[in-house]
Amino acid sequence: MELDPALPVLNQTVLTSGPGPFVLLGVPGLQALHVWLSVPVCLLYMAALAGNALLLGLVATDKTLQAPMYQLLGLLAASDLVLATSTVPKALAVLWGLSGEISFAACLAQLFVTHVTFIAESSVLLAMAIDRYVAICQPLRYGALLTQRVVGIVAVAAVTRGACVMAPPVALLQRLPYCGQRELPHTYCEHMGVARLACGDTRPNVWYGLATTLLSPALDLGLIAASYALILRAVCRLPSHGARCKALGTCGAHASVITLFYTPALFSFLAHRFGRHTVPSHIHILLANLYVVVPPALNPVVYGVRTQQIAQRLRYLLRLWWARAVGDVGPERASRGSE
């Protein structure tokens, strides 16, 4: 291809070879605290890995946990593992000062996987809210409406929805010209964070991102809120005070985790478009890291351990492991003790 002498040399290089590697800067203004910030991120990530792997293993291998409700928990655990693992290892490398560089292709791959997984997890949370609504408000129809086939359709639809939503912005990022700006003030790649490094017109990215925010996570959150409102109305009509308190406690725990999942994410998405000059960048980036590590660490506890049958199976396996480790009792006694 013959270069146009009217173009700047840097732009000619970009047009012929594409954008070079980006440099992730971490949390602007808090570089001196990077090591300290990495401590809770690392601990939460290890908790997310251990909790979700254990929950996913239980649901996948235990024949007593094959009901649709538990399979949806397995989908949630799988989503949490992918969401955290697609972002946190690179974020820790940046915070520890090990490696801030990331190639353009790897950056696009990371933001694609991260956002697809976020949308898929949002879809799973919506399916779980509908599952609870049908179980509480339409119990006689639960077995007919929620089947293993429906769970399979939910899994495929969640991933397909996320991929369809995120394919256009990745294509938009690939067509933008990049004129030498390589420093990305973040711990991982985000759609609008990368778009702002371009020297072309990013308005299509801005408006498409806003539309998808309103039509995917924001819409899901509204439907989840409506489901829980109907559940609470049904719970308040229960004659037993104890049953009401138990149901309200469960709904409250679910609402807390859902709030932690959606609030920082929606704040991050909208701050890129409307609060770029009003929201401090370190607040924005800290919140963007919050939704990829805190909910994955809490979900196994709130949705898994608080579920009676999963908690019973977990206690049984722990007693069995302890019995084999210390050699005091055999598996037979441990099995009899769990019954």
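By class, the second largest cavity is lined by five nonpolar residues, one polar residue and no charged ones. That is a handy place to start with this predicted model, and the notes below move from the cavity to the sheet, the annotated spans and the confidence scores. For the protein chain, pLDDT averages 81, and 88% of the residues score at least 70.

**The second largest cavity**
- The count of cavities of 30 Å³ or more comes to two, and the second largest holds about 30 Å³ of space.
- Its lining is made up of Val41, Val88, Ala91, Asn289, Val292 and Val293.
- Helix H4 (88–95) and helix H12 (281–305) each contribute at least two residues to that lining.
- Which helix gives the largest share of the lining? The answer is H12, with three residues.

**The sheet**
- Three strands form an open sheet in the order E2-E1-E3, and the pairing is mixed.
- Strand E2 (101–102) and strand E3 (183–184) are the edge strands, each pairing on one side only.
- Strand E1 (residues 22–24) runs antiparallel to E2, and two bridges join them.
- If you would like to find this pairing in the viewer, look for Val23, whose bridge partner in E2 is Glu101.
- As background, strands of a sheet pair through backbone hydrogen bonds, either parallel or antiparallel.

**Annotated transmembrane regions**
- An unreviewed UniProt entry lists residues 35–60, 72–96, 102–129, 150–172, 214–235, 247–271 and 283–305 under "transmembrane region".
- Residues 35–60 are 100% helix and 0% strand in the model, with 37 Å between the end C-alpha atoms.
- Residues 102–129 are 93% helix and 4% strand, and here the end C-alpha atoms lie 38 Å apart.

**Where to trust the coordinates**
- Among the elements of the protein chain, H4 has the highest mean pLDDT, at 92, while helix H1 (residues 9–17) has the lowest, at 42.
- Over residues 1–17 pLDDT stays under 50, and the model has 14 contacts beyond four places in sequence for this stretch.
- Where pLDDT is low, the predicted coordinates should not be read in detail.

How values were computed:
Residues are numbered from 1 along each chain as its sequence is written. This is a predicted model: local features need pLDDT of at least 70, side-chain atom pairs count only at pLDDT 80 or more; totals for chains, interfaces and linings use all residues. Side-chain values use heavy atoms; hydrogens and water are left out. Two strands pair if DSSP finds at least two bridges between them. On a 1 Å grid over the protein atoms alone, a cavity is a set of points where a 1.4 Å probe fits but cannot get out, and a pocket is an open set with protein on both sides within 12 Å along at least five of seven lines; lining residues have an atom within 4 Å of a point. Grid points are joined across faces, edges and corners, and a volume is the space filled by probe spheres set on the points. Ala, Val, Leu, Ile, Met, Phe, Trp, Tyr, Cys and Pro count as nonpolar, Asp, Glu, Lys and Arg as charged, and the others, Gly among them, as polar. pLDDT is the predictor's confidence in each residue, from 0 to 100. Contact means heavy atoms within 4.5 Å. UniProt positions are given in the numbering used here, feature names are shortened, and annotations may be inferred rather than shown by experiment.
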